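User: I'm new to this one and I'd like to go through it slowly. Could you show it to me and explain the terms as we go?

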Amino acid sequence: MNISNELKVGLTIITAAVIFILGVRYFQDLPLFATTYELTAEFKDAGGLIPGNLVRVHGVSVGSVETVNISQESGKVDVTFHIDRKIIVTEGSYASVSGIDALGAVRMDLYLGPLDAAVIPEGGRIGVGEGNDLFGDLTARAPDMIEKFSEVLNGLDIVVSETGTLLSEPESDFRKTLASVKGSMAQLESLLTSERTRLSSILLNVEDATGSLKTLTAENGPAVSKLITDLSATLTTLDVELESLGEASRSLNELLAKVNSGQGTLGMLVNDPSMYNKMDSTLDGINALLADFKASPGKYLGEMKLVDLF
Amino acid sequence: MKTHSSGFHPSVLILYAKKLILDPIHSFGRYSQLLFRAFGAVPEFGTYRKNLWEQMIHVGIDSMPIVMLAAAFSGAVTTVQTSYQLVSPLIPKSIIGSIVVPSMVLELGAVVTGFILAGRVGARIAAELGTMRVTEQIDAIEAMGLNSIGYLIVPRVIAGIVMFPVLYIAACFVGIGGGMLVGHIGGFVSIGEFVDGAREYFQPFDPIFGMIKCLVFGFIITSVSCFKGYYTRGGAEGVGKATTEAAVASCVFLLLADLVLAATLL
């Protein structure tokens, strides 16, 4: 297809125009294709606002400032701005200028009114509010701050002069204290000077002793380590012995418990009184027999042939 | 006449004065006369209609690739150098965007395009018209009863005025895009930060000012080149001289106009 020159030129110019319009809208932060919504706010002080500055709602850019003109009748500044049509601006909404003019980052903040209120029509006017201009706040509070600062400085001045007086008066406590501290320091210093030789000899001795200990340890290293190994082995053996001793005592406990409860021969021996009774009566019998024997031995010995020999 | 003590003849001074003061005024007078006649020929649309489209192709569309290339590089270089100069941690990265975009829109877009057109189109126009003049084709056109100025100069100047803004838009588009892309790829500034910064300081008057510059530059480059070509004298050598002079004079007047416009409109 042969494209005529007219068509080429026409297409190029139209494309350029479209790019131009869209580009300008893009950098103005306006929606590329949707239409925008124009509103006017009347400020007493525009605070450095210029066309092209961003308009924000809750910190989100929604449009930009179109014109900033001084109104001759009202003596105020009329600021016209465009915002995205999706933002619904109702009665009770207000605008404020914020940002720091000195840094060049001035913008307009829009605070939306309640959703159920009437919508402000296209080209309508909205109210203005106090901006959160940090720099402005600082400037407004500066006189107060300077006054306070000067008070603080005055106080400091008094403190400094009082201290000076205290120091310069020969009879002041402060001066006396300083003098006594100075005296103590001098004494301490003289003490240190006079005892310097002894102190240094003590330190030398301590150093010597430490050195000897070190040498001793280093020289007898193997012997010491063997000693420690032996000791450790002995302790291990002792541990084993103690364990078996514990076991023996446990067994003995068990045995005694059995004895107590009357189990086995020993138990019965310990716990049954009948044997004792029998033994007692047997001993009584033996006693009576011995008494009888003592009284009349013949009675018993006469029967014995051996005795007849005598 | 008494000779000057240093052997300097007073008539030489007069010669210099004529060369420095009178000749430029003389040239300006002829230039104004040519323009006057050209403006007079604008209503004769039928004379140059066909030629106009051809010139628009030559001036505008054929220059598009080289203009876009130069603009892309100037945008990219501006981004890289701005980020190189931003060493303070207190300055946000988005400042790069707010420097590159106005630079392109206000100055680089128009001036880079202007220089390229002065070299490319200015030289071409002067060479074309110069050759036509020395080969007496212009006289032939006149002999045929056609208005040579209306036929040759008007379409070229109109093409310059119309197509320069188109080239400027292409240059800005590609330059800002190139800056953004290089900033992003090189890790100097993200596209989001770049656009944020550009929006923060964008003024709607900037592109309008750029367009005004373009109209003026387009007019200067084509009209100066036409003037140099139309009044060529001295055969092939004259054509070469006219071509060089057209490119140089276009650049000089373009810079002058740039300063005057910036001083008066900004």
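Analyst: Sure. Let's begin with two tyrosines: Tyr230(B) is buried, and Tyr231(B) is buried too. Keep in mind that this is a predicted model.

User: What makes the pair of Tyr230(B) and Tyr231(B) edge-to-face?

Analyst: The planes of Tyr230(B) and Tyr231(B) stand at 90° to each other, with 5.3 Å centre to centre. Rings pair if their centres lie within 6.5 Å, and planes over 60 degrees apart count as edge-to-face, so both conditions are met. These two tyrosines also belong to a cluster, in which ring pairs link them with Phe28(B), Tyr31(B) and Phe227(B).

User: How many aromatic pairs are there over all chains?

Analyst: Eleven, over all chains. Another one of them joins Tyr94(A) and Tyr111(A).

User: Why is the pair of Tyr94(A) and Tyr111(A) called stacked?

Analyst: Their ring centres are 4.9 Å apart and their planes meet at 25°. Stacked means planes under 30 degrees apart, so the 25° puts this pair in that class. The pair also links distant parts of the chain: Tyr94(A) sits in strand 5 (residues 94–98) of chain A and Tyr111(A) in strand 6 of chain A, 17 residues apart.

User: How do you know whether Tyr94(A) and Tyr111(A) are buried or exposed?

Analyst: Neither word fits. Tyr94(A) has 33% relative accessibility, and Tyr111(A) has a relative accessible area of 29%. Buried is under 20% and exposed is over 50%, so values in between are called partly exposed. That is the label for Tyr94(A) and for Tyr111(A).

User: What makes Lys214(A) exposed, then?

Analyst: Lys214(A) comes out at 64% relative accessibility. The cut-off for exposed is over 50%, so Lys214(A) qualifies. You'll find Lys214(A) in helix 4 (residues 196–219) of chain A. Its C-alpha atom is 87 Å from that of Pro51(A), and the two are 163 residues apart along the chain.

User: Now the helices. Why are helix 6 and helix 8 of chain B called roughly antiparallel?

Analyst: Helix 6 (residues 148–185) of chain B and helix 8 (residues 205–230) of chain B pack at an angle of about 150°, with their axes 8 Å apart. Angles over 145 degrees count as roughly antiparallel, so that is the name this pair gets. Their crossing is right-handed. In the contact of helix 6 with helix 8, the residues split into 17 nonpolar, six polar and two charged.

User: And what makes helix 1 of chain A oblique to helix 6 of chain B?

Analyst: The axes of helix 1 (residues 5–27) of chain A and helix 6 of chain B come within 9 Å and cross at roughly 50°. Under 35 degrees would be roughly parallel, and roughly perpendicular starts at 65, so roughly 50° ends up as oblique. This crossing is left-handed.

User: Let's turn to the strands. Which strands make up the barrel in chain A?

Analyst: The closed barrel has seven strands, in the order 1-4-3-2-6-5-7, with mixed pairing. The twist averages 35° from one strand to the next.

User: How do you know that strand 2 of chain A pairs with strand 3 and with strand 6?

Analyst: Count the bridges: two strands pair if there are at least two bridges between them. Strand 2 has four bridges to strand 3 (residues 60–70), and those two run antiparallel. With strand 6 (residues 107–111), strand 2 has three bridges in the parallel sense. Arg56(A) takes part on both sides: Ser61(A) is its bridge partner in strand 3, and Asp109(A) stands opposite in strand 6. Val55(A) has Gly63(A) as its bridge partner in strand 3, and Gly63(A) in turn stands opposite Ile83(A) in strand 4.

User: What makes both faces of strand 2 of chain A covered?

Analyst: Side chains in a regular strand alternate between the two faces of the sheet. In strand 2 (residues 54–57), Leu54(A) and Arg56(A) are on one side, Val55(A) and Val57(A) on the other, and all are buried.

User: Where do positive phi values turn up in the hairpins of chain A?

Analyst: His58(A) has a positive phi near 55° in the hairpin of strands 2 and 3, with two residues between the strands. In the hairpin of strands 3 and 4, with six residues between the strands, Gly75(A) has a positive phi near 70°.

Terms used
Residues are numbered from 1 along each chain as its sequence is written. Chains are lettered from A and ligands numbered from 1 in the order in which they are written. This is a predicted model: local features need pLDDT of at least 70, side-chain atom pairs count only at pLDDT 80 or more; totals for chains, interfaces and linings use all residues. Side-chain values use heavy atoms; hydrogens and water are left out. Buried means under 20% relative accessible area, exposed over 50%, partly exposed in between (1.4 Å probe, protein chains only). Axes are lines fitted to C-alpha atoms, for helices over the stretch in contact, and angles run from 0 to 180 degrees between N-to-C directions. Angles under 35 degrees count as roughly parallel, over 145 as roughly antiparallel, 65 to 115 as roughly perpendicular and the rest as oblique. A crossing is left-handed if the near helix is turned anticlockwise from the far one by less than a right angle, and right-handed if clockwise. Ala, Val, Leu, Ile, Met, Phe, Trp, Tyr, Cys and Pro count as nonpolar, Asp, Glu, Lys and Arg as charged, and the others, Gly among them, as polar. Rings of Phe, Tyr and Trp (its six-membered ring) pair if their centres lie within 6.5 Å; planes under 30 degrees apart count as stacked, over 60 as edge-to-face and the rest as tilted.
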